[in-house]
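Visitor: Could you walk me through this one? I'd like to know how the labels people put on a structure are earned.

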Amino acid sequence: MKDVLVVCFPGPPRVSEKILHRQMVRIGRTMKLPCPVESDPPPLIMWTKDGRNIHSGWTRFRVLRQGLKIKDVEADDAGTFICKATNGFGSVNINYTLIVISESRLGVRPEGEGDAPRTGLRPRFTQPAKMRKRVIARPVGSSVRLKCAASGYPRPDITWLKDSRPLSSQEVGEGRKKKWTLSLKNLTPEHSGKYTCRVSNRAGEINATYKVEVIQRTNSKPILTGTHPLNTTVDYGGTTSFQCKVRSDVKPVIQWLKRVEPGDENKYNSTIEVGDHRFVVLPTGEVWSRPDGSYLNKLLITRAKEEDAGMYICLGANTMGYSFRSAFLTVLPDPKPPTLPLPVPPGHHLPWPVIIGIPAGVVFIFGTILLWLCQSKKHCSAGSAVTVQSGSAPSSHRQPGRDRPCPAPADKDCAGSVNYDEYLAQQQQLLLAQGGSSLAPKAYPKIYTDIHTHTHSHVDGKVHQHQHIHYQC
């Protein structure tokens, strides 16, 4: 006997079985679409329906290695399914057209017609998501609704039982729609128990059970239920909220408080003490009453800033007392840092116009004085000596200084007994010593030191006489 060695060479996926591309299934049944593909290395399988990828969110669909499994087929499941197998060498697709046969197309004989075998569809719940919560607690005086919507062929009947005892039609409610939902109002402790809906037709039977617990109201302080409020982080300038759920026999007062950090007590008009800290009361919105007998309130924080960060408390109170729970808000830093003002050099406390204007004013005054002195020098040089001429006889003396063109306070000795350049230098030093003061120059009285007259005779017989006057300014 010889051994046979089978060697598989790497290659793209290939279909290993004959495929029936047209598939039919009845509504409510379970369907499996095979994907017989082989390859080395093994392929990656992906399913699509009408171009959409099938993933774990499709609760009734399950992707298996051997194919696609569909539970409780519905009319909307009809369409085109594709199994795509891919490895590193290539891919292959297997197409299916799924046809779902509805109740109207089953061709079932009505009950009592002929002797043909009777067929039908087993009942199924059409809203399973609304039936997930099977244990329900409600306070006295509240209400509850138990749902058991179902379909099947023929149309199934539903029976409601409490603790295995059938409920009357008055307890269930009248009408076709009402019988699929059991409404219990104004609950009392006697309503507590197990409620079962039994759905059946000739093809089968299904049931679901709810446990209802009615809580007796007592005069007690409020209780915060759930996990809220929770620690929260928000971006600078963003919006966030805290929520608080309180259970109370009577409608409670729900307040939101924010802890006052040490040293910030003076920023608020009034604070209250809770535990070992002081808090400020924040404005709160409306308190909402919930069907389960609890009360809900939310705190909205908009345009979050750094000062909004800290501890917040939800406080629920009634006449019997109060309960509270804390949470922290973290505000992330502002991504745009604040603009810092330009540094001012130390010692500069005056405005810039004043700093610039003072030296300019001193220079202008000093220049004006120099110009005035220069003009005075020119006039003094022209009229320092006054000559009085007469024809043949001497004339009367003129008053000293009447026609003198130079101002008295300007020069010290207009006749030249004192050098004018020296005088000007003295005046400049005096101005510099005074710091450019704008004070007017001092006025000195005129002191006459010498007056004498010269007489000259000419050959032609004319006599000229002139007078020299020396005075000190």
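Guide: Sure, let's start with confidence. Among the elements of the protein, strand 18 (residues 193-201) has the highest mean pLDDT, 93, and strand 30 (residues 447-457) has the lowest, 53. Keep in mind that this is a predicted model.

Visitor: What is the average pLDDT of the protein, and which stretches are below 50?

Guide: The protein averages 75, and 68% of the residues score at least 70. Residues 383-418 fall below 50, with 58 contacts in the model beyond near neighbours in sequence. Residues 436-449 are below 50 too, and that stretch has 23 such contacts.

Visitor: Now the cysteines. What makes Cys 35 and Cys 83 a disulfide?

Guide: Their sulfur atoms are 1.8 Å apart, and the cut-off is within 2.5 Å, so the pair counts as a disulfide. By this rule the count comes to 3 disulfides. Cys 35 sits in the loop between strand 3 and strand 4, and Cys 83 in strand 9, 48 residues apart.

Visitor: How do you know that Cys 148 and Cys 197 are joined, and what does the link tie together?

Guide: Here the S to S distance is 1.9 Å, which is again within 2.5 Å. Cys 148 lies in the loop between strand 13 and strand 14 and Cys 197 in strand 18, so the pair ties together parts that are 49 residues apart in sequence. Both cysteines are buried.

Visitor: Why is the disulfide of Cys 244 and Cys 314 called left-handed or right-handed?

Guide: The torsion about its S-S bond is about -85°, so this disulfide is left-handed. Cys 244 lies in strand 22 and Cys 314 in strand 28, so the link ties together parts that are 70 residues apart in sequence. Numbered in sequence order, the bonded cysteines of the protein pair 1-2, 3-4, 5-6.

Visitor: Strand 22 belongs to a sheet, I think. Which strands of that sheet stand at the edges, and why?

Guide: The sheet is open, with 4 antiparallel strands in the order 20-22-27-26. Strand 20 and strand 26 each have a single partner strand, so one side of each is left without a neighbour in the sheet, and that puts them at the edges.

Visitor: How do you know that strand 22 and strand 27 pair?

Guide: The cut-off is at least two bridges, and these two strands share 8, in the antiparallel sense. One example is Gln 243, whose bridge partner in strand 27 is Lys 298. Strand 26 and strand 27 pair over 2 bridges, with Ser 289 opposite Tyr 295.

Visitor: What makes strand 27 largely enclosed?

Guide: 6 of its 8 residues are buried, so the rest of the structure largely encloses strand 27.

Visitor: On to rings. Why is the pair of Trp 47 and Tyr 96 called stacked?

Guide: The centres are 6.2 Å apart, with 20° between the planes. The cut-offs are within 6.5 Å for a pair and under 30 degrees for stacking, so both tests are passed. Trp 47 is in strand 5 and Tyr 96 in strand 10, 49 residues apart. Tyr 322 and Phe 324 have centres 6.3 Å apart and planes at 25°, so they are stacked as well.

Visitor: Are Tyr 322 and Phe 324 buried, exposed or in between, and how do you know?

Guide: Tyr 322 has a relative accessible area of 46%, so it is partly exposed. Phe 324, at 42%, is partly exposed too. Both values fall between the cut-offs of 20% and 50%.

How values were computed: Residues are numbered from 1 along each chain as its sequence is written. This is a predicted model: local features need pLDDT of at least 70, side-chain atom pairs count only at pLDDT 80 or more; totals for chains, interfaces and linings use all residues. Side-chain values use heavy atoms; hydrogens and water are left out. Buried means under 20% relative accessible area, exposed over 50%, partly exposed in between (1.4 Å probe, protein chains only). Rings of Phe, Tyr and Trp (its six-membered ring) pair if their centres lie within 6.5 Å; planes under 30 degrees apart count as stacked, over 60 as edge-to-face and the rest as tilted. pLDDT is the predictor's confidence in each residue, from 0 to 100. Contact means heavy atoms within 4.5 Å.
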